[in-house]
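Let's take a walk through this one together. Have the model open and rotate it as you read.

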Amino acid sequence: MAPLRVVITGGAGQIAYSLIPLIARGLVFGPDVKVHLRLLDIPPAANALAGVAMEVQDSLFSTALEGVLATTNEVEAFTGAQVAILLGGFPRRPGMERWDLIGKNAGIMKRMGELLETYASPNCKVVVVANPAQTNCYILSIYAPSLPRKNITSLSRLDHDRMIGMLLHEANSRLISASVSNGSECVRRLTAADVRGACIWGNHSNSQVPDVSAVEFFVDGRWVPIESVIPDRTWLGLSNSLPGGGNIGAGTEGSLVEAVRKRGAAVLAARKLSSAMSAANAIAEHLSDWLSPEKSGHSPAVSMGVTTDGNPFGVSEGIFSSLPVRCTLGGDWNYDEGFSMTDDVRRHLEASVVELEDEKATALEMLEKAEAAAGSVAGLVPRPSL
């Protein structure tokens with residue numbers, strides 16, 4: 001069987017550096033799936049990219065890695081690509097507004113879409129990590145019109161995993177403390193497999209909606225509601241103090257919601273570098289649940305940035321948003337229709353959707369201006385009704 005052709009943009013960057021070993025060891029697509037990596041970066045990063053390729057060679061990866069190509073040639077990298085991991089994008093600089101970032105990356109995503117449309121496999125699977133990720137997916141879908149929209153996804157798994165990690169830390173602290181106080185045997189520590197029902201809704205921004213309203217823990221051989229383990233409703237964002245119940249969107253200082261939304265900034269402040277190890281791990285899990293023969297069709301519901309077309313949650317169509325999905329065999333996914341929203345979650349999701357609609361309109365406007373300035377034919381970029 002021919003190796004799976006995987007292109008990674010931003011191949012000389014931090015996230016790629018942490019992701020490559022996971023792919024090469026068979027932890028993403030499965031140990032029996034051979035992979036040929038194409039690492040793409042911009043010409044100024046050519047030397048760093050060559051260094052990454054040297055390290056890949058020196059690591060003697062043999063589980064899944066069939067070969068690696070480090071290149072600054074976009075066509076070479078995308079030709080025949082069956083999976084595209086889009087890490088590369090313009091970074092947000094000090095003083096830069098989010099709308100400026102959208103404009104910068106809209107042009108980059110336009111080019112990525114053109115490359116996917118012209119050179120990649122017709123059924124290429126895509127995960128967008130560069131921000132603003134969901135809006136970048138929309139731009140890709142315009143410029144790669146032959147690619148099924150369900151094949152274009154964005155990474156919300158990192159936010160999902162951050163929330164699970166915080167829940168586990170709090171739950172285990174409480175369970176162990178209670179065990180010590182009661183003089184009983186130390187309880188088994190909960191792991192990620194002992195949590196279900198969590199979801200990230202909406203945009204990958206401070207408007208995202210981390211939702212634990214349906215979370216359950218597997219404790220003492222049975223699934224129990226989250227509040228039986230973590231009774232602090234205010235920290236969870238389940239406080240009834242607001243009209244209609246709940247304050248999940250408030251992001252109260254010290255709450256889980258605020259912590260999830262601000263985790264990236266906290267890591268950046270501590271490391272002086274953005275999240276890389278956790279981002280790479282989240283990408284690996286996203287792709288593994290979706291595409292690995294061993295995991296697809298067997299994983300629980302997960303948060304993924306996907307097209308909203310035909311969704312059962314009442315989210316307006318024509319955009320991309322983080323929603324709960326179940327991956328199915330053969331590299332497909334379906335909305336998790338059994339996932340219900342509380343009124344409070346729905347209210348705050350609507351605000352996040354408005355932000356996504358605004359980003360979409362801004363990106364289209366900036367692309368139109370750029371094409372007009374370049375002398376393009378007016379109206380080249382379609383503007384669907386918002």
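What follows goes from the domains to their interface, and then to a couple of individual residues.

Keep in mind that this is a predicted model. The domain assignment splits the protein into domain 1, covering 4–154, and domain 2, covering 157–345. Measure between their C-alpha centres and you get 26 Å.

So how much area is buried between domain 1 and domain 2? The figure is about 2600 Å², with carbon and sulfur atoms giving 62% of that. In terms of residues, 30 from domain 1 are in contact with 37 from domain 2.

There's polar chemistry at this interface too. Eight residue pairs are in polar contact between domain 1 and domain 2, both partners being at pLDDT 80 or more. Two salt bridges also turn up across the interface. As for salt bridges, have a look at Arg-149 and Asp-309, which form one with their closest N and O atoms 2.8 Å apart.

Now look at what domain 1 brings to the side that touches domain 2. Helix 1 (14–24), strand 4 (83–86), strand 5 (125–128), helix 5 (133–143) and strand 6 (152–154) each supply at least two residues. Helix 1 gives the most, with five residues. Sorted by class, that side of domain 1 has 17 nonpolar residues, nine polar ones and four charged ones.

Next, zoom in on Ser-322, which you'll find in strand 13 (residues 320–328). Is Ser-322 buried or exposed? Ser-322 counts as buried because its relative accessibility is 0%. Its side chain makes a polar contact of 2.9 Å with the side chain of Ser-156. A polar atom of the Ser-322 side chain also lies 2.6 Å from the backbone oxygen of Ile-200. Setting aside neighbours within four places in sequence, the residues in contact with Ser-322 include Gln-134, Trp-201, Gly-202 and Met-304.

Finally, head over to Lys-295, in the loop between helix 10 (277–291) and strand 12 (302–307). Lys-295 has a relative accessible area of 25%, so this residue is partly exposed. Which residues is Lys-295 in contact with, leaving aside its neighbours within four places in sequence? They are Glu-285, Ser-288 and Asp-289. Glu-285 deserves a second look: Lys-295 and Glu-285 are ten residues apart in sequence, and their C-alpha atoms are 9.7 Å apart in space. Their side chains are joined by a polar contact of 3.0 Å.

Notes
Residues numbered from 1 in each chain as written. Predicted model: local features only at pLDDT ≥ 70, side-chain atom pairs only at ≥ 80, totals over all residues. Heavy atoms only, no water. Domains from an automatic or database assignment. Contact = heavy atoms within 4.5 Å. Buried area = accessible area lost by both parts, 1.4 Å probe. Salt bridge = Lys/Arg side-chain N within 4 Å of Asp/Glu carboxyl O. Polar contact = N/O pair within 3.5 Å; in protein donor to acceptor, adjacent residues only side chain to side chain. Helix = DSSP H or I, 4+ residues; strand = E, 2+ residues; numbered from the N terminus. Nonpolar A, V, L, I, M, F, W, Y, C, P; charged D, E, K, R; others polar. Buried < 20%, exposed > 50% of the residue type's maximum accessible area, 1.4 Å probe, protein only.
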